[in-house]
Amino acid sequence: MKKAAGFVLFRRLCGQIEYLLLKASYGDFHWSSPKGHVDPGEDDFTTALRETKEEAGYEEKDLIIHRDTPLTLNYQVKGKPKIVIYWLAELRDPNQEPILSEEHTALKWLTKEAAKECVGFKDNQDMIDKFHEMILAKDKK
């Protein structure tokens, strides 16, 4: 079973909540949040931090991470099961632009509906919805 971990990154700009999506430079050139495979001996959260630094250039100090509410996606890749654990993380400085690695060719900051359209997969869309609800619920407190 392949396991990966990452962050669904968002920022607040001009009263809007926007999500970061990266375009893969391989395979079907899909769009997704920063994530990657869990290395042997590494815990999921450490993987998420490492991959986000590698793929988007953000370090833990750049983010407000909601550690208590991870969401897990289970899906098939080429017929093999894969688990991806995502945490929600807000960019402290909404103007700090990501630094892409060679694994990605483009990036977009998108509103919730545009992000859902961009990722395409139903479970990924549901995850964006759930995280969006969490953000709004926290904002009400």
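**Helix α1 and its surroundings in a predicted model**

Student: In this predicted model, what span should the 13 residues of helix α1 have at 1.5 Å a residue, and what is the distance between its end C-alpha atoms?

Tutor: Helices here are DSSP runs of H or I with at least four residues, strands are E runs of at least two, and both are numbered from the N terminus. The expected span is 1.5 Å times one less than the number of residues. For helix α1, residues 44–56, the expectation is therefore 18 Å, and the end C-alpha atoms agree with it, being separated by 18 Å.

Student: What should I keep in mind about numbering and confidence?

Tutor: Residues are numbered from 1 along each chain as its sequence is written, and side-chain values use heavy atoms, with hydrogens and water left out. Because the model is predicted, local features need pLDDT of at least 70 and side-chain atom pairs count only at pLDDT 80 or more, whereas totals for chains, interfaces and linings use all residues.

Student: Which strands do the buried residues of α1 pack against?

Tutor: Buried means under 20% relative accessible area, exposed over 50%, and partly exposed in between, with a 1.4 Å probe and protein chains only. By that rule the buried residues of α1 are D44, F45, T47, A48, L49, E51, T52, E55 and A56. Taking contact as heavy atoms within 4.5 Å, their partners are β1 (2–13), β2 (16–24), β4 (35–37), β5 (63–77), β6 (80–91) and β7 (104–110).

Student: Where does α1 come in the pattern of the protein along the sequence?

Tutor: The protein has three helices and seven strands. Written in sequence order, they give the pattern β-β-β-β-α-β-β-β-α-α.

Student: What radius of gyration does the protein have?

Tutor: The radius is taken over C-alpha atoms, and the globule rule is 2.2 Å times the number of residues to the power 0.38. For 141 residues, a compact globule would be near 14 Å, and the protein agrees with this, its value being 14 Å.

Student: Is K23 buried or partly exposed?

Tutor: K23 is placed in strand β2, and, leaving aside residues up to four places away in sequence, K23 touches F29, H30, W31, E103, H104, T105 and A106. With a relative accessible area of 27%, K23 is partly exposed.

Student: How far apart in space are P94 and K23?

Tutor: P94 lies in the loop between β6 and β7, where, not counting residues up to four places away in sequence, P94 touches R11, R12 and L13. P94 and K23 are 71 residues apart in sequence, and their C-alpha to C-alpha distance is 20 Å.
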